[in-house]
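Subject: Structure for you to look at

Hi,

Here is the structure I promised to pass along. Have a look first, and my notes on what turned up follow underneath.

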Amino acid sequence: MSIVLENLERLKEAAKLENISDEHMLVLQNPAQVSYAELSVGGRQLPAWRIIYNRALGPGKGGIRFHPEVSEDEVQSLAFWMSLKNSLADIPYGGAKGGVKFNPKDSSPEELEEISRAYARAFSDKLGQDKDIPAPDVYTNGQIMSYILDEFEKIKGAHEPGMITGKPIELGGIALRGDATAQGGYLVTKEMIKKFLSGKSSAKIAVQGYGNAGLFMAEKLAADGHLIVAASDSKGGVYNENGLDVAALSAWKNSGKSIYEFAGGKAISNSELLELSVDILVLAALENQITEENAARVVAPCIVELANGPINLVADRILAEKKTVVVPDILANSGGVIVSYFEWAQNRTGQILDEDYLKNLLDKKMQSGWQRVIAKFEEKSGKITLRQAAYIIAIKRILAAEKYRGRIK
Ligand code: NAD
């Protein structure tokens with residue numbers, strides 16, 4: 001089943017649990033706007049998308065991904081998840097996502113700049129601080145955001161830093177954005193440990209995907225005394241039952257080397273990592289990592305989804321049967337977009353907000369999201385998943401906005 005169809009199933013399930021009518025759910029069945037272009041760069045034609053799924057709560061908001069597997073199905077699914085994530089986080093955004101299908105690892109820095117600028121030109125009339133605001137995602141970063149901003153501003157003939165987030169500080173970014181996704185994930189993981197692992201002080205943790213989200217998450221959890229026993233990147237992983245030296249592993253990865261070659265443990269495959277006997281599995285790579293193929297063999301009692309959509313629908317059901325606690329992506333990785341919202345608000349007002357104040361606000365927003373999800377879970381006597389609880393809250397806020405807009409009765 002495509003990811004889009006799986007999402008519609010999940011929507012239906014959540015609506016049924018809360019007696020939301022089919023007629024109301026119709027407004028969430030399709031994306032609000034799908035834009036497609038082919039970027040001509042260096043003699044190649046690269047398929048590119050920007051999709052706004054819903055904009056009842058505000059302008060589109062969501063990252064841009066550069067990856068050889070990007071497809072319309074994937075971008076639409078990511079835009080759908082962004083709509084729910086922004087709603088659950090109580091920020092004034094709809095949901096959107098973008099992507100370009102190519103392998104950035106095979107491209108020179110000059111080509112990456114040209115592709116970023118071509119993307120900005122292709123979608124310049126669709127983007128803007130009040131229309132749709134991109135940010136980094138897999139294999140894009142502050143430099144890519146800078147090229148897109150620069151090209152966009154050239155076309156508009158005016159500065160508009162609020163059209164994009166995840167920028168370098170010199171262009172209107174904020175320091176907090178760098179590890180915001182991991183910080184948000186870390187805050188809810190601490191709550192999850194308190195509630196579902198009896199406050200364990202030295203949990204065994206495996207981290208799949210040692211990139212922006214996974215690396216900072218591992219560092220934060222290790223600093224609290226937890227044991228990061230395994231980690232991986234796209235080429236494979238490393239395992240040490242006594243805990244990896246996380247600082248050394250991060251330095252290794254940041255120097256451009258592969259995780260499986262790290263000497264502080266034994267090399268394992270990504271599929272072995274997912275099936276390790278650990279307390280917590282942190283999924284921080286890509287979609288569809290736990291599926292009907294391997295879900296039955298996943299033994300970790302708790303999973304944190306820092307990646308978007310790492311567990312597919314059938315796997316979700318298998319894990320629910322086993323009572324595995326899954327902190328869903330739309331809550332666990334929402335720290336990134338919450339801090340993007342701070343950046344956008346600062347760009348719009350021209351006010352410089354105090355970093356400690358913003359850190360505190362991120363903390364409060366993550367706590368509030370966690371508590372609302374747990375309250376819904378408990379209202380249903382723990383008979384639903386945390387994902388279903390989060391979906392119900394997110395859907396209801398979007399539908400309330402649609403109702404005020406008169407699109408539903
Ligand atoms: P990234 O490109 O910095 O890192 C991704 C990491 O995953 C890399 O180390 C890569 O080698 C590894 N990887 C890729 N395929 C893998 C596989 N099959 N098995 C194991 N590892 C694999 O990307 P990121 O920003 O850390 O994003 C990771 C996930 O988190 C994505 O799903 C993204 O959508 C999600 N996310 C990121 C942010 C953010 O602010 N960075 C925010 C919200 C969600």
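Which residues in H1 meet Leu313, Asp316 and Arg317 in H10? They are Glu6, Glu9, Arg10 and Glu13. Before I go on, keep in mind that this is a predicted model.

The two helices in that contact, H1 and H10 (residues 313-321), have axes 9 Å apart and pack at an angle of about 45°. That angle is neither under 35 degrees nor in the 65 to 115 range, so H1 counts as oblique to H10. The make-up of this contact is 6 charged residues and 1 nonpolar, with no polar ones.

H1 (residues 3-17) also packs on H14 (residues 386-404), where the axes come within 9 Å and cross at roughly 80°. H1 and H14 are therefore roughly perpendicular to each other. On the H1 side, the contact uses Asn7, Arg10, Leu11, Glu13, Ala14 and Leu17. H14 brings Arg387, Gln388, Tyr391, Ile392 and Ile395. By type, that contact splits into 6 nonpolar, 3 charged and 2 polar residues. Arg10 and Glu13 turn up in the H10 contact and in the H14 contact as well.

Now the ligand, which is probably what you'll open up first. It has 25 residues around it, and the closest are Asp137, Thr181, Asn212, Ala213 and Asn308. Sorted by type, the shell holds 11 polar, 9 nonpolar and 5 charged residues.

Here are the polar pairs I'd list for the ligand:

- Thr181: a side-chain N or O atom is 2.6 Å from an oxygen atom of the ligand.
- Asp137: a side-chain N or O atom sits 2.8 Å from a ligand oxygen.
- Asn270: here a nitrogen atom of the ligand is the partner, 3.1 Å from a side-chain N or O atom.

On its own the ligand would expose 820 Å², and the protein buries 88% of that. Two elements give two or more residues each to the shell: helix H7 (212-223) and strand S8 (227-233).

Over to you!

Cheers

Note on methods:
Residues numbered from 1 in each chain as written. Predicted model: local features only at pLDDT ≥ 70, side-chain atom pairs only at ≥ 80, totals over all residues. Heavy atoms only, no water. Axes fitted to C-alpha atoms, helices over the stretch in contact; angles between N-to-C directions. Helix = DSSP H or I, 4+ residues; strand = E, 2+ residues; numbered from the N terminus. Parallel < 35°, antiparallel > 145°, perpendicular 65-115°, else oblique. Contact = heavy atoms within 4.5 Å. Nonpolar A, V, L, I, M, F, W, Y, C, P; charged D, E, K, R; others polar. Near = heavy atom within 4 Å. Polar contact = N/O pair within 3.5 Å; in protein donor to acceptor, adjacent residues only side chain to side chain. Areas by Shrake-Rupley, 256 points an atom, 1.4 Å probe, with all protein chains shown as cover.
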